[in-house]
Amino acid sequence: MIKSYDLSINKNKLWDIYNRCNRSEDYYNIDVASTTNVFIDDQMDCEYIENNIIQPLGIPEHFLKNEYDNSRGYNFNVVKPGGFVKPHQDVNSTKVNILLNKMTDAPFLFVETKQKYYYEYPVLLDVSQLHTVDNCESITEDRVTLQLFLTKPYDECERIIDENRTY
């Protein structure tokens, strides 16, 4: 399942935040992915994301947590040229993704349904379903996504966002 939200996002501000980040961790698993997670440590940057993305979407703070490593509920994920994302399911069953790049020829893809999303807006994703990033060979510059890790099932997150969003 996938649902797009037309929340206006200042991608230039998100690029500024991304470029200020100085802590990252490469992830490599031949069966899953070769990506980099970039962590947001500056409190003012965290407040910007909370005030301009999380709160307008109506996401309760207690829904946010990366269950993979018990870290803060959001970070940037980067697929570099030569990187890959194979079909997999995430530990958190639900995420909101926001692509920072203006466009991509490497969309999010649900494997079973072949449904693709090219990231015009923030998108709520059921990442408990088998998914991948399609056409990774097209990536010629870092493909950067802000990802929010949600701890509740997709249906509950969709209902809460639809009931509580403020934009």
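**Exercise 1.** In this predicted model, find the loop that holds Lys114, then decide whether Lys114 is buried or exposed.

*Solution.* Begin with the place: Lys114 sits in the loop between strand 7 (108-110) and strand 8 (116-117). Next, take the relative accessibility, which is 58% for Lys114. Exposed means over 50%, so Lys114 counts as exposed. Finally, look at the backbone: Lys114 is not a glycine, yet its phi is positive, near 65 degrees. That deserves a second look, because most residues other than glycine have a negative phi.

**Exercise 2.** Work out where Asn70 lies and what is notable about its phi.

*Solution.* Asn70 belongs to the loop between helix 2 and strand 4. Its phi is positive, about 60 degrees, although Asn70 is not a glycine. Now add the surface: Asn70 has 55% relative accessibility, so this residue counts as exposed.

**Exercise 3.** Stay with the loop between helix 2 (43-57) and strand 4 (74-79) and turn to Ile59. Is Ile59 buried or exposed, and which residues does it touch?

*Solution.* Start with the accessibility of Ile59, which is 7%. Buried means under 20%, so Ile59 counts as buried. Then list its contacts, leaving out residues up to four places away in sequence: Ile59 touches Ile54, Leu64, Val96, Leu148, Leu150 and Ile161.

**Exercise 4.** How many residues apart in sequence are Ile59 and Ser128, and what is their C-alpha to C-alpha distance?

*Solution.* Along the chain, Ile59 and Ser128 are 69 residues apart. In space, the C-alpha atoms of Ile59 and Ser128 are 19 Å apart.

Key. Residues are numbered from 1 along each chain as its sequence is written. This is a predicted model: local features need pLDDT of at least 70, side-chain atom pairs count only at pLDDT 80 or more; totals for chains, interfaces and linings use all residues. Side-chain values use heavy atoms; hydrogens and water are left out. Helices (H or I, at least four residues) and strands (E, at least two) are DSSP runs, numbered from the N terminus. Buried means under 20% relative accessible area, exposed over 50%, partly exposed in between (1.4 Å probe, protein chains only). Contact means heavy atoms within 4.5 Å.
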